[in-house]
Each structure stands twice: as structure tokens, then as C-alpha cells.
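Hi everyone, thanks for making time. I'd like to walk you through a protein that most of you haven't seen before, so please pull it up on your screens.

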Amino acid sequence: MTEPKAAAIVPIAVWDLPTRLFHWMLVGLIAFSWWTAEQQNYDLHFWAGMAVLTLLVFRLLWGLFGSSTARFANFVKGPAAVRDYLAGNWRGIGHSPLGALSVIALLGLIAVQGGLGLFASDEDGLLLGPLSGLISGNASGEITRLHKDAFNILLAFIGVHVAAVLFYWLAKRQNLVKPMVTGRADLDPEAEPMQAAKWWVAAICFAVAIGVGGWILAGAPPFGP
């Protein structure tokens, strides 16, 4: 009696280009933001932060109107879905129910970090976030300290995220990085592939994100009184 053959795996579309570009641009910008802060190059640090916030606005919109695997409604699930995933009963593509919690937490921490930077200022009041004029100098100073401390929390969470990727690679033999580069993953042929959104939807989302960034900057110079 012959044993049944294992199901063949085939490359299936998982991540669209806008999602992949967002992911790697965010990685690069966070690293660049850290470097500019360490070098005390606050001009570049400011613009890196604004670029991060612009990307976050785009991701929020793309999570509402983008491709199926990018939409929050398709991967943010409740405790029951996480329990099923841990029991090995999840057969979807893209972010797993447990991975979705990590993604939401990471995006939330980055949003808080960037939002605090909008109100931050240096001790001399020469380098000002675009919204620092809305609050007192003392409050801006406190927010600046929170901005610095929050980055350490963000770094710790990024470390956990990287450790999880390594765990899946070494322990479960699942390469989570490759699909975020190529857009495809080797899956069961019965898995439902990603439903891609139109390119013009991405263009509109990006234009709106740039508009939001411009609106934040409008009416106040980024530096100095």
C-alpha cells in the first residue's frame, strides 16, 4: 500500500508591490532616523520623521483600500482566530492572526514615535517640530524626552520582530523575508491568491499621504521661530 504523496507547493502571489515598498522603505527610514539622531543631524532627522509619517498615512489608507492581504479587515482577527492559528488550523496567506497583532503594535509604536516628534523641540528652542508651537515650551521639552525614551521601546519591539522572523526561518523552515522581496510564497496550490488592487488606488493613497504631510507643515517652518 503506497503512502499518499505530499501536496505540491507552488509560488502564489502574497504581497503587492506597494506593500513591499512600504515595508522596506520603512525599515530604511527608521535606521536612517536613528543614525541622524546619533549624529545630531536634526535637519535630516526631521525630514526622515516626516517621511515615516507619510508612509504611515499611506499604509493606513492602503489597509482600507489596497490589495486583499494588505487590508486590515482581512488579517486583524480576534482571540478565536489566534487560538486556531496556534492549534495549526489556519490556512490563510499573508499575515497570520498572531503576526497581525505584531504588525498593528509595531505600526502603532512608530506612529506614536513620529507623533511625539511633531511636538518636540531642543533645549534652546532653535529646532522645533512643526506642531510644537501649539503647546508650551515645558510641555514640548517633556514630549522630547518621551520621544527619545519611546525609541528605545520601539527598538526592543523591532528586536522581537526580527527574532520571530529568525525563529520561523530556523525552527519552522519558513522564510518570511523572501515573499516580502519577491511578492510570492511557496504555498499549497489550493490557497487563495492575493486579490491585487488597481495601481491608481495606490497612486491616490500616496497622493493623499503626501497631502497630509504638507498640511502638517503648512503655516509653520520646520525649524526655528
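Let me start with something you can look for yourselves: which residues in α1 meet which residues in α2? Hold that thought for a moment while I set the scene.

What you're looking at is a predicted model, so keep that in mind throughout. The protein has eight helices and two strands. Reading from the N terminus, the order of the elements is β-α-α-α-α-α-α-α-β-α. If you box up the C-alpha atoms along the principal axes, you get roughly 80 × 35 × 30 Å.

Okay, back to my question. On the α1 side, you want P18, T19, F22, M25, L26, L29, F32, S33, T36 and A37. They meet Y42, L44, H45, A48, G49, A51, V52, L55, L56, F58, R59 and W62 in α2. Sorted by class, the residues of that contact come out as 16 nonpolar, five polar and one charged.

How do these two helices sit against each other? Helix α1 covers residues 17–38 and helix α2 covers residues 42–65. They pack at an angle of about 155°, and their axes are 9 Å apart. Because of that angle, α1 is roughly antiparallel to α2. The crossing of α1 past α2 is left-handed.

Now let's move along the chain to another pair, α5 and α6. α5 spans 97–118 and α6 spans 137–170. Their packing angle is about 160°, with 9 Å between the axes. So α5 runs roughly antiparallel to α6, and α5 passes α6 in a left-handed crossing. From α5, the contact uses S102, A105, L106, L109, I110, Q113, L116 and G117. From α6, you have I143, L146, H147, A150, F151, I153, L154, F157, I158 and H161. What classes do these residues fall into? There are 13 nonpolar, five polar and no charged residues in the contact of α5 with α6.

So far I've shown you two pairs. What about α2 and α5? Their axes come within 10 Å and cross at roughly 135°. α2 and α5 are therefore oblique to each other, and this crossing is left-handed too. Here M50, V52, L53, L56 and R59 of α2 touch L107, I110, A111, G114, G115 and L118 of α5. By class, that's eight nonpolar, two polar and one charged. If some of those names sound familiar, V52, L56 and R59 of α2 also came up in the contact with α1, and I110 of α5 was in the contact with α6.

Last stop: the second largest pocket. Its volume is about 960 Å³, and 35 residues line it. To find the centre, look for Y42, H45, A120, H147 and K148, the lining residues that lie nearest to it. Which helix gives the most to this lining? That would be α6, with nine residues. The helices I've been talking about come together here: α1, α2, α5 and α6 each supply at least two residues of the lining. As for the mix, the lining has 18 nonpolar, 12 polar and five charged residues.

That's my tour. Feel free to spin the model around while we chat.

Terms used
Residues numbered from 1 in each chain as written. Predicted model: local features only at pLDDT ≥ 70, side-chain atom pairs only at ≥ 80, totals over all residues. Heavy atoms only, no water. Axes fitted to C-alpha atoms, helices over the stretch in contact; angles between N-to-C directions. Helix = DSSP H or I, 4+ residues; strand = E, 2+ residues; numbered from the N terminus. Parallel < 35°, antiparallel > 145°, perpendicular 65-115°, else oblique. Left-handed = near helix turned anticlockwise from the far one by under 90°. Contact = heavy atoms within 4.5 Å. Nonpolar A, V, L, I, M, F, W, Y, C, P; charged D, E, K, R; others polar. 1 Å grid on protein atoms, 1.4 Å probe; cavity = no way out; pocket = protein on both sides within 12 Å on 5 of 7 lines; lining within 4 Å. Points joined across faces, edges and corners; volume = space filled by probe spheres on them.
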